[in-house]
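Student: Hey, got a minute to go through this one with me? I'd like to start with how far to trust it and then poke at the details.

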Amino acid sequence: MEVRDLRAYYETKAGPPVKAVDGVSFTLDEGEVLGIVGESGCGKSTLASVLSLGASPTLRIKGGSLVLNGEEVDLEKMGGVPREWRGKIVSLLPQRAMNSLNPTSRIGDFAYDVMKAHDSRVNRREAIKRASQRLEQLGLPARVLQSYPHQLSGGMRQRVVTVISTLLNPTVLIADEPTSALDVSSQKALVHLLQRLLEERVITRIVFITHDLTLLSNIATRIAVMYAGEIVEIGTTEQIITRPEHPYTRALIHSTLEPEQGVRKRKIEGLTGSPPDLRNPPSGCRFHPRCPHAMEICTRETPPRVGTSRHYATCWWVKQRVEAMNEGDLRDTVERAAHTA
Amino acid sequence: MSAVLPQSREQATGLSFGEALRARFRSLSALPSGRFFFSVILFLAILVFAILGPTIFNQHDPLQIVGGLYDTPSSKFWLGTDNFGHSVFTQLMFGTRTSLIIGFVAGLIATGIGVVIGTAAGFNGGFVEEALMGITNVVITIPSIVVLILLSIAISTRSIYSLALVIGVTSWPWTARAVRAQASSLRTREHVDIARLAGANTASLIVWEILPYMLSYIFMAFVLQLTSGILAEAALSMLGLGPSNSVSLGIMLHWALLWESVRTGAWWAFVPPTLFLTIIAFALLLLQSSLDEVFNPRLRRS
Amino acid sequence: MSRFQRYVLTKAAWFLVAFIVALILNFYLPRMIPGNPVDTLVSQMAQGGADVQAMQQVYNTYIKEFGLDKPAISQFGTYLQHLVHGNLGTSFALYPTSVNSLIANALPWSIALQLPAILIGWLLGNLLGAIAAYRGGWFDWGGFVGSLFLSSMPYYCLAILLLYGLAVKFQVFPPGSGYSSNRAPNWSWGFFADALQHYWLPFLSLVIIFVGGQAIGMRSMAIYELGSDYVGYSKGLGISDNRIVRYIFRNAMLPQVTGLALSIGSLVGGALITEIVFSYPGIGSLLFDSIRQNDYPVIQGITLLIMVAVLVANFLVDIAYGFIDPRIRTAQTGG
């Protein structure tokens, strides 16, 4: 799966659009869980709704495409992911599972509607049977299919929603802050369920959007860090957690993964101010007004990608450091060569 | 009544009365459409016509007999005369005035009772809430037109104000219901807790921490009560239970119907009060619904 | 006891309380009239030159009927006793006609007018409201302003304008009344066809306004539902728009059922006056005449009838609501 140069703007009544997602690209291989982190308002939830739903009266897709199973969809032209793909190829695990089920449908009927939407030949009995098999396979009681949403506990509703989202074995699951409204034990249960789904090969790829880096380090294989509508750094979980490059990632890791230094601190350590107004993002690097390492060039020019396509940071400061390091390496090599000679 | 009760939208903290008001009305700058202004202008025009009309057109006695039975409109009497030979135009000004007075007084009474009962129920909760809402629900199910009829035949002299009182005391339950929902959602807000911890007593909590946040809803409820008061007066008057020795829009219609103006084609006797009642109700409901969209953004279309 | 049974019992208890309150209001309010209504009546008859013996007979009838020689509480007892036997008393104005027979003559007309108006208006209004909310655009805007205008118009105002426009100015329909003056009510096709012709205008004037009010309610409920989380999730699973509209319609419909209960009272009130406008021979016209003639027993009989009818209608709608909303119908399991 590959997302290419995705742009999605919110139209405002007066003035420039809010550039919530601005040129986002990434690839996702089979078996991978890509975590996407960032402060609230960085565009990560917009990214989720563009990938799973598409445009709305206020949200316009201004460019980008999605490549999946060898097919490429022009998201701008299609106005989002086509209906036939939704639920079957790209599926959504929503933010508020509590209210995401139709209050007047039994769970089983809703599961039937989902299956029927992609295969008109399926009958109700067959659908219920398949759904209950799936529930049992995952160690959940099949009798929930007879229930209405209000009869289930919050944690159970979240698990039921997860099962319904993955009922049709979608290629990729877009999980949009699925844990934000859950207590700690339900969060663990959900992560466990998602891992189980991966093991059973029900799903093969997850895009997991959250602001909780700690949680992400348990489930993600790779992590993308978003800031002001752009990916500022991407890499394996290990790379991001232990060797962050981008100053924003460093601040994020520093403040969230070291709980002994003031667990309750909301603000990201070492960072002042708040994320920028996405109607008029700062020139050059969007992070420069808050960056402790900002240089003159950062205010003027868009930072380059430093690294490979699977592990990079977009930052002038990182570029400078890498160049310095490479120069150092070069000097080492030259010196070593001279020495041997 | 607004279909959607608003959720707690702003995480309000301990704001003063003035700040709370300003916070409330700052959202007014986001007025969604011209509907608000259209309705306000329409209603103001009618208000001016009723209050200043008699002075402007120098007509001071609606009961003065100036012509015969259903004289057609002329340059002297723009809307002709009614069955008694009164000038319909003059009657219309004074009738609108009476209807508006009754609507305002009845609306104030109904809103007042409704706010007191609703706030008491919503703020106290528990048994008080159950009891007050039980009473409210009982009163809501009994059709108010019937109680109005019974009360109106029971009072010895039907003056404008006694009629307004009767209408007011029968129509408060809607407001009580809406206000209760508001008050009970406000009760658990942080700023109320802070004030309570600071030692404020119940009365000052209600005046400073609850009422300011409900003002917009109370105002919307008042607009609805004003409308229904005007229409209730018209309905009673048409049944023959209107205020005696005065003219209102409903009384004009009552006589027009009784004297067969519709079937004889004397349109000037019934069209003006009909249109005025409709326009007043339309303007007020439009005002209410546009305010509703300002205060309940979920109703607003993108 | 199931949740649903508990719901029905609670509702029944509340309606019983409302019914008792209605009875008390209906009994005591007219008794607040200063003086004894029977004295007023007899003095009116004396002015009309009735003979002493007849007056004495009338006087005795009413004193006995109301138990006016006994204390108020036992008068209430007498009143209840009469009610239990289905006896609403004797008319003042049309002595010695019973109130029962006056109402029995008028009631079928009112039911035939109002029941279809309520049912058809409700269905049509909800359909239009849902379409407006879903389609948006000009249909929504025009429909909304139009419905708002219609629903803010009192029933009788539209009735007057329709009567003038379609029966007087352009004589498409007969100008009021329930049937032609040269006919007497009977069970023949000819009479039925004649009555139907007279039926359309009052019916239309009720339905049009009722549709407007229901459409507005449905529209805002449906817009509210459109923003719900389950709509987004269903879209995200590729469920077709048609199916999602059905979810929205069903869920928005639930509060509209309660809305029906609440609007029945105002429709009945509006219909009373609409009947007067059209001189339709129903309860409204009977009420109008009895108010002009200070015919208290008839007024009281009618007000009681309306209260009971509205209470029963409300109760039935509430029960129906409990039946169609799974949140009430099904037992709560788990948290």
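Tutor: Sure, let's take confidence, then chain A, then the contacts with chain C. Keep in mind that this is a predicted model.

Student: OK, what ipTM and pTM does the predictor give the complex?

Tutor: The complex gets an ipTM of 0.84 and a pTM of 0.74.

Student: And what's the mean pLDDT of chain A?

Tutor: Chain A averages 84, with 92% of its residues at 70 or more. For chain C the mean is 81, and 92% of its residues reach 70 or more.

Student: Where in chain A does pLDDT stay under 50?

Tutor: Over residues 259-267 of chain A, and the model has just 1 contact beyond four places in sequence for that stretch. Chain C has a stretch under 50 too, residues 331-335, for which there are 10 contacts beyond four places in sequence. Where pLDDT is low, the predicted coordinates should not be read in detail.

Student: Which elements of chain C have the lowest and the highest mean pLDDT?

Tutor: Helix H2 (residues 37-47) of chain C is lowest at 69, while helix H9 (residues 229-236) of chain C is highest at 88.

Student: On to chain A. How many helices and strands does it have?

Tutor: Chain A has 11 helices and 12 strands. Its radius of gyration is 22 Å, close to the 20 Å that the globule rule gives for 341 residues, so chain A is as compact as a globular protein of that length. The box around its C-alpha atoms, along the principal axes, is roughly 80 × 50 × 45 Å.

Student: How much of chain A is buried?

Tutor: Buried residues are 44% of the 341 in chain A. Of the contacts in chain A with a separation of 6 or more, 62% are between residues 24 or more positions apart.

Student: Let's look at strand E3 of chain A. Why is it described as largely enclosed by the rest of the structure?

Tutor: Because 5 of the 5 residues in E3 (residues 33-37) of chain A are buried. Both faces are covered: A:Val33, A:Gly35 and A:Val37 are buried on one side, A:Leu34 and A:Ile36 on the other.

Student: What does E3(A) pair with, and in which sense?

Tutor: E3(A) pairs with strand E8 (residues 205-209) of chain A in the parallel sense, over 4 bridges. E3(A) also pairs with strand E9 (residues 222-227) of chain A, again parallel and over 4 bridges. Take A:Ile36: in E8(A) it stands opposite A:Ile209, and in E9(A) its bridge partner is A:Ala224.

Student: What about E1(A), which way does it run against E2(A), parallel or antiparallel?

Tutor: Antiparallel: strand E1 (residues 2-10) and strand E2 (residues 18-27) of chain A share 7 bridges. A:Leu6 stands opposite A:Val24 in E2(A). E1(A) is also antiparallel to strand E4 (residues 59-68) of chain A, with 7 bridges, and there A:Val3 has A:Leu66 as its bridge partner.

Student: Something different: is A:Thr242 buried or exposed?

Tutor: A:Thr242 is exposed, because 10 other C-beta atoms lie within 10 Å and the cut-off for exposed is 12 or fewer. A:Thr242 is in helix H8 (residues 237-242) of chain A.

Student: Now helix H3 of chain A. What do its buried residues pack against?

Tutor: They pack against helix H4 (124-137) and helix H5 (154-165) of chain A, and against helix H10 (241-278) of chain C. Among the buried residues of H3(A) are A:Ile107, A:Phe110 and A:Tyr112.

Student: So chain C touches chain A. How many residues does each give?

Tutor: Chain C gives 23 and chain A gives 29. H9(C) contributes the most to chain C's side, with 7 residues. By class, that side has 6 nonpolar, 12 polar and 5 charged residues.

Student: And the contact between chain C and chain B, how many residues there?

Tutor: 51 from chain C and 40 from chain B. On chain C's side the largest share, 10 residues, comes from H1(C). That side has 40 nonpolar, 10 polar and 1 charged residues.

Key
Residues numbered from 1 in each chain as written. Chains lettered and ligands numbered in written order. Predicted model: local features only at pLDDT ≥ 70, side-chain atom pairs only at ≥ 80, totals over all residues. pLDDT = per-residue confidence, 0-100. Helix = DSSP H or I, 4+ residues; strand = E, 2+ residues; numbered from the N terminus. Contact = placed C-beta atoms within 7 Å. Buried ≥ 20, exposed ≤ 12 C-beta atoms within 10 Å, placed from the backbone. Nonpolar A, V, L, I, M, F, W, Y, C, P; charged D, E, K, R; others polar. Pairing = 2+ DSSP bridges. Rg over C-alpha atoms; globule rule 2.2 N^0.38 Å.
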